[in-house]
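Trainee: I have a structure to read. Please take me through it feature by feature.

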Amino acid sequence: MKQPENGTLCIHAGWNPGNGDPRALPVWQTTTWKYSSSDEMGKLFDLEKSGYFYTRLQNPTCDSVAAKICALEGGAAAMLTSSGQSANFFAIFNLASCGDHVVSAASLYGGTSNLFTVTMKRMGIEFTLVDQDAPEEEIAKAFRPNTKAVFGESISNPGLCVLDFDKFARLAHSHGVPLIVDNTFATPINCKPFEFGADIVTHSTTKYMDGHAVQVGGAIVDSGNFDWEAYPGKFPGLTTPDESYHGLVYTKKFGKNAFIVKAVAQLMRDIGACPAPQNAFLLNLGLESLHVRMPKHCENAQKVAEYLASRPETAWIRYPGLPGDKYHSLAARYMPHGTCGVIAFGLKGGRDAAIRFMDSLKFVTIATHVADARTCILHPASHTHRQLSDEQLKEAGIPVDLIRLSIGIEDAEDIIQDLQQAMEKAFSK
Ligand SMILES: *Cc1c(COP(=O)(O)O)cnc(C)c1O
(Lines give C-alpha, C1' and ligand atoms only; values in the text may rest on other atoms or scores of the structure.)
Protein backbone atom coordinates (compact mmCIF):
# COMPACT_ATOMS: atom_id res chain seq x y z
CA MET A 1 0.00 0.00 0.00
CA LYS A 2 1.22 3.54 -0.73
CA GLN A 3 1.94 5.97 2.10
CA PRO A 4 -1.17 7.88 3.26
CA GLU A 5 -1.58 11.44 2.00
CA ASN A 6 -1.85 14.58 4.14
CA GLY A 7 -5.62 14.42 4.67
CA THR A 8 -5.56 10.85 5.90
CA LEU A 9 -2.63 11.66 8.20
CA CYS A 10 -4.41 14.76 9.55
CA ILE A 11 -7.37 12.60 10.54
CA HIS A 12 -5.77 9.30 11.56
CA ALA A 13 -2.06 9.59 12.35
CA GLY A 14 -0.88 9.31 15.94
CA TRP A 15 -3.89 7.59 17.49
CA ASN A 16 -4.65 4.00 16.58
CA PRO A 17 -7.33 2.72 18.93
CA GLY A 18 -7.47 -1.00 19.60
CA ASN A 19 -10.64 -3.04 19.97
CA GLY A 20 -13.00 -1.34 22.42
CA ASP A 21 -10.80 1.77 22.76
CA PRO A 22 -12.19 5.32 22.38
CA ARG A 23 -12.43 6.29 18.69
CA ALA A 24 -11.42 9.92 19.32
CA LEU A 25 -8.15 10.79 21.02
CA PRO A 26 -8.87 10.99 24.77
CA VAL A 27 -7.36 13.55 27.15
CA TRP A 28 -5.16 11.90 29.74
CA GLN A 29 -5.79 14.64 32.28
CA THR A 30 -3.36 13.30 34.86
CA THR A 31 0.05 14.29 36.16
CA THR A 32 1.08 10.83 37.31
CA TRP A 33 0.88 7.09 36.62
CA LYS A 34 0.66 4.27 39.11
CA TYR A 35 3.26 1.49 39.33
CA SER A 36 3.19 -1.49 41.63
CA SER A 37 6.91 -1.83 42.24
CA SER A 38 9.62 0.63 43.07
CA ASP A 39 11.95 -1.19 40.69
CA GLU A 40 9.66 -0.59 37.69
CA MET A 41 9.45 3.13 38.48
CA GLY A 42 13.26 3.28 38.87
CA LYS A 43 13.80 1.80 35.40
CA LEU A 44 11.59 4.52 33.88
CA PHE A 45 13.67 7.21 35.57
CA ASP A 46 16.86 5.67 34.18
CA LEU A 47 15.41 5.57 30.61
CA GLU A 48 15.92 1.79 30.74
CA LYS A 49 12.25 1.18 30.08
CA SER A 50 9.82 3.43 28.25
CA GLY A 51 6.59 4.30 29.98
CA TYR A 52 4.62 7.16 31.44
CA PHE A 53 5.22 8.45 34.93
CA TYR A 54 4.97 12.24 34.99
CA THR A 55 3.30 14.57 32.48
CA ARG A 56 6.17 17.08 32.45
CA LEU A 57 8.16 14.40 30.58
CA GLN A 58 5.53 12.52 28.64
CA ASN A 59 1.78 12.21 28.36
CA PRO A 60 -0.11 9.91 25.94
CA THR A 61 -2.38 12.69 24.59
CA CYS A 62 0.61 14.93 23.87
CA ASP A 63 2.61 12.03 22.41
CA SER A 64 -0.22 11.07 20.04
CA VAL A 65 -0.42 14.62 18.71
CA ALA A 66 3.39 14.80 18.37
CA ALA A 67 3.22 11.53 16.41
CA LYS A 68 0.63 13.04 14.06
CA ILE A 69 2.85 16.09 13.38
CA CYS A 70 5.82 13.73 12.96
CA ALA A 71 3.90 11.74 10.32
CA LEU A 72 2.85 14.92 8.50
CA GLU A 73 6.46 16.12 8.34
CA GLY A 74 7.76 12.66 7.44
CA GLY A 75 10.10 12.63 10.46
CA ALA A 76 11.55 9.98 12.75
CA ALA A 77 10.60 11.42 16.16
CA ALA A 78 8.78 14.44 17.55
CA MET A 79 7.79 16.19 20.75
CA LEU A 80 5.35 18.91 21.72
CA THR A 81 6.38 21.95 23.74
CA SER A 82 4.34 24.60 25.53
CA SER A 83 4.93 27.20 22.78
CA GLY A 84 6.74 27.91 19.55
CA GLN A 85 9.27 29.91 21.57
CA SER A 86 10.19 26.89 23.68
CA ALA A 87 10.32 24.69 20.55
CA ASN A 88 12.94 26.94 18.94
CA PHE A 89 14.81 27.35 22.22
CA PHE A 90 14.95 23.59 22.81
CA ALA A 91 15.90 22.81 19.21
CA ILE A 92 18.98 25.04 19.45
CA PHE A 93 19.87 24.49 23.10
CA ASN A 94 19.83 20.72 22.53
CA LEU A 95 22.90 21.23 20.29
CA ALA A 96 24.59 24.46 21.35
CA SER A 97 25.99 25.39 24.76
CA CYS A 98 27.82 28.35 26.21
CA GLY A 99 30.68 29.20 23.84
CA ASP A 100 28.92 27.86 20.74
CA HIS A 101 27.68 29.67 17.67
CA VAL A 102 24.70 29.44 15.30
CA VAL A 103 24.11 30.88 11.83
CA SER A 104 20.57 32.09 11.27
CA ALA A 105 18.65 33.82 8.52
CA ALA A 106 18.00 37.40 9.68
CA SER A 107 14.38 37.52 8.54
CA LEU A 108 12.73 35.99 11.62
CA TYR A 109 9.70 36.14 13.83
CA GLY A 110 10.30 38.96 16.36
CA GLY A 111 10.17 36.65 19.36
CA THR A 112 12.73 34.33 17.80
CA SER A 113 15.02 37.21 16.93
CA ASN A 114 14.86 38.39 20.55
CA LEU A 115 15.36 34.86 21.90
CA PHE A 116 18.48 34.43 19.78
CA THR A 117 20.13 37.82 20.06
CA VAL A 118 19.20 38.79 23.61
CA THR A 119 18.27 35.85 25.82
CA MET A 120 20.41 33.08 24.32
CA LYS A 121 23.28 35.53 24.00
CA ARG A 122 23.12 35.86 27.79
CA MET A 123 23.62 32.09 27.91
CA GLY A 124 26.83 32.50 25.93
CA ILE A 125 25.48 31.29 22.58
CA GLU A 126 26.25 33.64 19.73
CA PHE A 127 24.13 34.04 16.62
CA THR A 128 25.23 35.50 13.30
CA LEU A 129 22.19 36.73 11.40
CA VAL A 130 22.70 36.54 7.65
CA ASP A 131 20.83 37.97 4.68
CA GLN A 132 19.24 34.79 3.41
CA ASP A 133 19.28 36.02 -0.18
CA ALA A 134 23.03 36.70 -0.17
CA PRO A 135 25.20 34.45 -2.38
CA GLU A 136 26.28 31.15 -0.89
CA GLU A 137 29.98 32.18 -0.65
CA GLU A 138 28.95 35.28 1.29
CA ILE A 139 26.86 33.34 3.83
CA ALA A 140 29.63 30.73 4.15
CA LYS A 141 31.83 33.44 5.74
CA ALA A 142 29.53 33.47 8.79
CA PHE A 143 30.53 29.93 9.82
CA ARG A 144 33.04 29.34 12.62
CA PRO A 145 34.68 26.20 14.03
CA ASN A 146 32.18 26.33 16.94
CA THR A 147 29.07 26.69 14.74
CA LYS A 148 26.53 24.03 15.76
CA ALA A 149 23.48 24.68 13.58
CA VAL A 150 21.89 26.72 10.81
CA PHE A 151 18.41 28.16 11.34
CA GLY A 152 15.79 29.68 9.05
CA GLU A 153 12.01 30.02 8.63
CA SER A 154 10.46 28.30 5.60
CA ILE A 155 8.36 31.46 5.12
CA SER A 156 9.47 34.18 7.48
CA ASN A 157 7.06 36.01 9.76
CA PRO A 158 6.31 38.77 8.88
CA GLY A 159 8.92 39.32 6.14
CA LEU A 160 7.40 36.54 3.94
CA CYS A 161 10.85 35.59 2.65
CA VAL A 162 10.87 32.04 1.29
CA LEU A 163 13.93 30.04 2.34
CA ASP A 164 16.19 28.70 -0.40
CA PHE A 165 16.31 25.21 1.09
CA ASP A 166 18.90 23.84 -1.35
CA LYS A 167 21.33 26.66 -0.58
CA PHE A 168 20.80 26.51 3.18
CA ALA A 169 21.02 22.69 3.33
CA ARG A 170 24.25 22.76 1.29
CA LEU A 171 25.73 25.45 3.55
CA ALA A 172 24.78 23.57 6.73
CA HIS A 173 25.94 20.15 5.55
CA SER A 174 29.20 21.34 4.02
CA HIS A 175 30.01 22.77 7.46
CA GLY A 176 28.95 19.57 9.26
CA VAL A 177 25.92 20.99 11.07
CA PRO A 178 22.16 20.40 10.82
CA LEU A 179 19.65 22.74 9.19
CA ILE A 180 16.79 23.64 11.53
CA VAL A 181 13.70 25.06 9.82
CA ASP A 182 10.76 26.77 11.51
CA ASN A 183 7.91 25.57 9.27
CA THR A 184 5.11 27.42 11.09
CA PHE A 185 3.76 29.46 8.17
CA ALA A 186 3.93 26.90 5.38
CA THR A 187 2.84 23.93 7.54
CA PRO A 188 3.58 20.41 6.28
CA ILE A 189 0.50 20.72 4.05
CA ASN A 190 2.31 23.21 1.81
CA CYS A 191 5.96 22.37 2.45
CA LYS A 192 7.86 19.38 3.81
CA PRO A 193 11.34 20.71 4.68
CA PHE A 194 12.85 17.22 5.14
CA GLU A 195 12.33 16.59 1.41
CA PHE A 196 14.61 19.57 0.71
CA GLY A 197 17.44 18.73 3.10
CA ALA A 198 16.32 20.18 6.44
CA ASP A 199 17.27 17.98 9.40
CA ILE A 200 15.04 19.33 12.16
CA VAL A 201 11.71 21.15 11.89
CA THR A 202 10.08 23.34 14.51
CA HIS A 203 6.57 24.75 14.75
CA SER A 204 4.56 27.28 16.60
CA THR A 205 1.43 25.11 16.63
CA THR A 206 -0.35 28.23 17.89
CA LYS A 207 -0.78 29.30 14.27
CA TYR A 208 -2.34 27.28 11.41
CA MET A 209 -2.01 23.91 13.14
CA ASP A 210 -4.31 25.00 15.96
CA GLY A 211 -6.02 27.28 13.47
CA HIS A 212 -8.68 28.66 15.81
CA ALA A 213 -6.57 30.87 18.08
CA VAL A 214 -7.46 28.90 21.20
CA GLN A 215 -4.13 27.67 22.57
CA VAL A 216 -0.40 28.32 22.45
CA GLY A 217 1.90 25.41 21.63
CA GLY A 218 4.99 24.22 19.80
CA ALA A 219 6.53 21.14 18.26
CA ILE A 220 9.95 19.81 17.27
CA VAL A 221 10.37 17.09 14.66
CA ASP A 222 13.64 15.33 13.88
CA SER A 223 14.14 13.74 10.47
CA GLY A 224 16.60 11.27 12.00
CA ASN A 225 18.86 11.94 9.01
CA PHE A 226 21.69 13.92 10.56
CA ASP A 227 24.67 11.74 11.50
CA TRP A 228 25.77 13.18 14.85
CA GLU A 229 28.59 10.66 15.18
CA ALA A 230 30.17 11.66 11.87
CA TYR A 231 31.70 14.74 13.54
CA PRO A 232 33.63 13.57 16.62
CA GLY A 233 33.64 16.13 19.41
CA LYS A 234 31.13 18.44 17.75
CA PHE A 235 27.93 17.24 19.41
CA PRO A 236 29.17 15.80 22.72
CA GLY A 237 25.72 16.05 24.30
CA LEU A 238 24.46 13.41 21.87
CA THR A 239 27.53 11.25 21.39
CA THR A 240 29.23 11.11 24.82
CA PRO A 241 27.94 9.78 28.16
CA ASP A 242 25.22 11.73 30.00
CA GLU A 243 26.17 11.50 33.68
CA SER A 244 22.67 12.57 34.71
CA TYR A 245 21.49 9.21 33.29
CA HIS A 246 24.31 6.95 34.54
CA GLY A 247 26.53 7.45 31.51
CA LEU A 248 24.01 6.67 28.78
CA VAL A 249 24.98 7.77 25.22
CA TYR A 250 21.92 9.03 23.28
CA THR A 251 23.09 8.15 19.77
CA LYS A 252 24.11 4.64 20.87
CA LYS A 253 20.94 3.86 22.77
CA PHE A 254 18.30 5.70 20.74
CA GLY A 255 19.61 5.89 17.15
CA LYS A 256 17.32 8.04 15.01
CA ASN A 257 15.38 9.14 18.12
CA ALA A 258 18.50 10.44 19.90
CA PHE A 259 17.86 14.16 19.36
CA ILE A 260 14.26 14.08 20.60
CA VAL A 261 14.93 11.69 23.50
CA LYS A 262 17.74 13.98 24.68
CA ALA A 263 15.52 17.08 24.38
CA VAL A 264 12.80 15.40 26.47
CA ALA A 265 15.10 13.71 28.98
CA GLN A 266 17.27 16.77 29.64
CA LEU A 267 15.57 19.97 28.54
CA MET A 268 11.94 19.13 29.29
CA ARG A 269 13.03 17.52 32.56
CA ASP A 270 15.00 20.59 33.66
CA ILE A 271 13.21 23.51 32.03
CA GLY A 272 9.68 22.14 31.98
CA ALA A 273 8.06 23.93 29.03
CA CYS A 274 5.59 21.08 28.64
CA PRO A 275 2.24 21.25 26.86
CA ALA A 276 -1.01 20.73 28.77
CA PRO A 277 -2.83 17.53 27.69
CA GLN A 278 -6.03 19.57 27.22
CA ASN A 279 -4.18 21.89 24.83
CA ALA A 280 -2.77 18.94 22.90
CA PHE A 281 -6.34 17.65 22.56
CA LEU A 282 -7.46 21.00 21.13
CA LEU A 283 -4.43 21.08 18.83
CA ASN A 284 -5.45 17.67 17.53
CA LEU A 285 -8.90 19.00 16.61
CA GLY A 286 -7.18 21.77 14.66
CA LEU A 287 -4.90 19.31 12.90
CA GLU A 288 -7.90 17.25 11.78
CA SER A 289 -8.88 20.04 9.37
CA LEU A 290 -5.45 21.51 8.55
CA HIS A 291 -5.46 20.00 5.04
CA VAL A 292 -8.87 21.57 4.34
CA ARG A 293 -8.10 24.98 5.84
CA MET A 294 -4.68 25.62 4.26
CA PRO A 295 -5.89 25.63 0.64
CA LYS A 296 -8.74 27.99 1.65
CA HIS A 297 -6.34 30.37 3.45
CA CYS A 298 -4.15 30.40 0.32
CA GLU A 299 -7.03 30.83 -2.12
CA ASN A 300 -8.45 33.76 -0.10
CA ALA A 301 -5.02 35.36 0.35
CA GLN A 302 -4.36 35.14 -3.38
CA LYS A 303 -7.63 37.00 -4.12
CA VAL A 304 -6.96 39.64 -1.47
CA ALA A 305 -3.34 40.09 -2.62
CA GLU A 306 -4.51 40.61 -6.19
CA TYR A 307 -7.10 43.12 -4.98
CA LEU A 308 -4.55 45.07 -2.89
CA ALA A 309 -2.05 45.02 -5.74
CA SER A 310 -4.67 46.69 -7.95
CA ARG A 311 -5.37 49.56 -5.50
CA PRO A 312 -3.78 52.97 -6.11
CA GLU A 313 -3.40 53.45 -2.31
CA THR A 314 -1.06 50.44 -2.07
CA ALA A 315 2.58 51.54 -1.98
CA TRP A 316 3.98 48.01 -2.18
CA ILE A 317 2.82 44.46 -1.54
CA ARG A 318 4.52 41.18 -0.70
CA TYR A 319 2.81 37.85 -1.21
CA PRO A 320 4.78 34.92 -2.65
CA GLY A 321 1.70 33.86 -4.64
CA LEU A 322 1.86 37.03 -6.78
CA PRO A 323 3.79 36.37 -10.01
CA GLY A 324 5.84 39.57 -9.58
CA ASP A 325 6.87 38.74 -6.02
CA LYS A 326 10.57 38.47 -5.20
CA TYR A 327 10.02 34.98 -3.76
CA HIS A 328 7.56 33.69 -6.36
CA SER A 329 10.00 31.30 -7.99
CA LEU A 330 11.36 29.89 -4.71
CA ALA A 331 7.77 29.42 -3.55
CA ALA A 332 6.90 27.66 -6.82
CA ARG A 333 9.83 25.29 -6.31
CA TYR A 334 9.36 24.45 -2.62
CA MET A 335 5.63 25.02 -2.07
CA PRO A 336 3.89 24.53 -5.42
CA HIS A 337 0.41 24.13 -3.87
CA GLY A 338 0.49 27.44 -2.02
CA THR A 339 2.40 29.28 0.67
CA CYS A 340 0.31 30.70 3.50
CA GLY A 341 -2.51 33.15 4.18
CA VAL A 342 -0.32 36.03 5.29
CA ILE A 343 0.19 39.14 3.17
CA ALA A 344 2.51 42.07 3.90
CA PHE A 345 1.92 45.46 2.36
CA GLY A 346 2.46 49.16 2.82
CA LEU A 347 0.09 52.04 2.11
CA LYS A 348 0.98 55.35 0.55
CA GLY A 349 1.16 57.65 3.56
CA GLY A 350 3.23 55.17 5.56
CA ARG A 351 2.79 54.64 9.28
CA ASP A 352 -0.08 57.14 9.71
CA ALA A 353 -2.08 55.76 6.80
CA ALA A 354 -1.55 52.26 8.18
CA ILE A 355 -3.00 53.24 11.55
CA ARG A 356 -5.99 55.09 9.99
CA PHE A 357 -6.70 52.12 7.75
CA MET A 358 -6.49 49.57 10.54
CA ASP A 359 -8.69 51.61 12.86
CA SER A 360 -11.41 51.76 10.16
CA LEU A 361 -11.77 48.01 9.68
CA LYS A 362 -14.96 46.27 10.80
CA PHE A 363 -14.75 42.48 11.16
CA VAL A 364 -11.08 42.32 10.26
CA THR A 365 -9.65 42.84 13.72
CA ILE A 366 -6.40 44.14 15.13
CA ALA A 367 -4.92 41.15 16.93
CA THR A 368 -1.46 39.99 17.96
CA HIS A 369 -1.94 36.85 16.00
CA VAL A 370 -1.63 35.35 12.59
CA ALA A 371 -2.75 32.22 10.92
CA ASP A 372 -6.14 31.44 12.34
CA ALA A 373 -9.64 31.13 10.94
CA ARG A 374 -10.41 34.85 11.46
CA THR A 375 -8.84 37.53 9.30
CA CYS A 376 -6.67 39.76 11.47
CA ILE A 377 -4.25 42.59 11.01
CA LEU A 378 -1.21 44.00 12.78
CA HIS A 379 1.42 46.70 12.35
CA PRO A 380 4.69 45.03 13.46
CA ALA A 381 6.60 48.31 14.00
CA SER A 382 3.91 49.37 16.50
CA HIS A 383 3.13 45.93 17.92
CA THR A 384 5.14 42.65 17.74
CA HIS A 385 8.47 44.22 16.77
CA ARG A 386 8.23 47.46 18.72
CA GLN A 387 11.36 46.58 20.73
CA LEU A 388 13.43 46.81 17.53
CA SER A 389 14.98 50.07 16.34
CA ASP A 390 14.27 51.29 12.79
CA GLU A 391 17.75 50.02 11.86
CA GLN A 392 17.04 46.57 13.34
CA LEU A 393 13.65 46.50 11.60
CA LYS A 394 15.42 47.10 8.32
CA GLU A 395 17.93 44.32 9.01
CA ALA A 396 15.08 41.95 9.81
CA GLY A 397 13.47 42.87 6.48
CA ILE A 398 10.53 44.69 8.07
CA PRO A 399 9.77 48.15 6.64
CA VAL A 400 8.35 50.63 9.16
CA ASP A 401 5.11 50.88 7.15
CA LEU A 402 4.64 47.09 6.87
CA ILE A 403 1.09 45.93 7.61
CA ARG A 404 0.74 42.22 8.27
CA LEU A 405 -2.63 40.93 7.12
CA SER A 406 -3.50 37.35 8.02
CA ILE A 407 -6.28 36.11 5.80
CA GLY A 408 -8.79 33.78 7.44
CA ILE A 409 -11.26 31.34 5.97
CA GLU A 410 -14.26 33.67 5.73
CA ASP A 411 -15.54 34.48 2.23
CA ALA A 412 -12.97 36.40 0.20
CA GLU A 413 -15.57 38.88 -1.13
CA ASP A 414 -16.47 39.92 2.42
CA ILE A 415 -12.85 40.37 3.42
CA ILE A 416 -12.23 42.52 0.34
CA GLN A 417 -15.35 44.58 1.05
CA ASP A 418 -14.13 45.35 4.57
CA LEU A 419 -10.67 46.32 3.28
CA GLN A 420 -12.28 48.49 0.61
CA GLN A 421 -14.45 50.50 3.02
CA ALA A 422 -11.49 50.99 5.40
CA MET A 423 -9.31 52.13 2.50
CA GLU A 424 -11.96 54.68 1.50
CA LYS A 425 -12.22 56.00 5.07
CA ALA A 426 -8.46 56.13 5.59
CA PHE A 427 -7.93 58.12 2.39
CA SER A 428 -11.04 60.33 2.44
CA LYS A 429 -9.41 63.16 4.42
C1 LIG B 1 4.48 32.71 16.47
C2 LIG B 1 5.74 32.19 15.98
C3 LIG B 1 6.70 31.67 16.85
C4 LIG B 1 6.52 31.68 18.35
O5 LIG B 1 5.50 30.81 18.70
P6 LIG B 1 4.60 30.96 20.03
O7 LIG B 1 3.71 29.78 19.91
O8 LIG B 1 3.89 32.26 19.97
O9 LIG B 1 5.53 30.87 21.20
C10 LIG B 1 7.85 31.15 16.30
N11 LIG B 1 8.06 31.16 14.97
C12 LIG B 1 7.16 31.66 14.11
C13 LIG B 1 7.44 31.64 12.64
C14 LIG B 1 5.97 32.19 14.58
O15 LIG B 1 5.08 32.69 13.70
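Mentor: Start with a definition. Contact means heavy atoms within 4.5 Å. Axes are lines fitted to C-alpha atoms, for helices over the stretch in contact, and angles run from 0 to 180 degrees between N-to-C directions. Helices (H or I, at least four residues) and strands (E, at least two) are DSSP runs, numbered from the N terminus.

Trainee: What should I know about the model itself?

Mentor: The model is predicted, so local features need pLDDT of at least 70 and side-chain atom pairs count only at pLDDT 80 or more, while totals for chains, interfaces and linings use all residues. Residues are numbered from 1 along each chain as its sequence is written, and side-chain values use heavy atoms, with hydrogens and water left out.

Trainee: Which strands does helix 15 lie across?

Mentor: Helix 15 (residues 350-359) lies across strand 9, strand 10, strand 11 (376-378) and strand 12 (403-406). Its angle to strand 9 is about 120°.

Trainee: How do I read the sheet beneath that description?

Mentor: Strands of a sheet pair through backbone hydrogen bonds, either parallel or antiparallel. Two strands pair if DSSP finds at least two bridges between them. Here, five strands form an open sheet, ordered 8-9-12-11-10, with mixed pairing. Strand 8 (314-318) and strand 10 (365-366) are the edge strands, and each pairs on one side only. Strand 8 and strand 9 (residues 342-347) are antiparallel over four bridges. Trp316 has Gly346 of strand 9 as its bridge partner.

Trainee: What is the strand order in the open sheet of seven strands?

Mentor: The order is 1-7-6-5-4-2-3, and the pairing is mixed. Strand 1 (77-81) and strand 3 (126-130) stand at the edges with a single partner strand each, so one side of each has no neighbour in the sheet. From one strand to the next, the twist averages 20°. Strand 4 (residues 147-153) and strand 5 (residues 179-182) run parallel, joined by four bridges. Phe151 stands opposite Ile180 in strand 5. Helix 11 (residues 258-271) lies across strand 1, strand 6 (200-204) and strand 7 (218-222), at about 30° to strand 1.

Trainee: Where is Pro158 found?

Mentor: Pro158 is in the loop between strand 4 and helix 7 (165-174). The Asn157 to Pro158 peptide bond is cis, with omega near 5°. Leu160 lies in that loop between strand 4 and helix 7. Leu160 is not a glycine, yet has a positive phi of about 60°.

Trainee: Now the ligand. Which residues come nearest?

Mentor: A residue is near a molecule if one of its heavy atoms lies within 4 Å of it. Of the 16 residues around the ligand, the nearest are Asn157, Asp182, Ser204, Thr206 and Lys207. Helix 4 (residues 84-93) gives the largest share of the shell, three residues.

Trainee: How do I read its polar contacts?

Mentor: For the ligand, look for a pair of N or O atoms within 3.5 Å. A polar side-chain atom of Lys207 lies 2.6 Å from a ligand oxygen atom. A backbone N or O atom of Gly84 is 2.9 Å from an oxygen atom of the ligand. A polar backbone atom of Gln85 also lies 2.9 Å from a ligand oxygen atom. The protein covers 93% of the 380 Å² of accessible area (Shrake-Rupley method, 1.4 Å probe) that the ligand has on its own.

Definitions and conventions: Polar contact = N/O pair within 3.5 Å; in protein donor to acceptor, adjacent residues only side chain to side chain.
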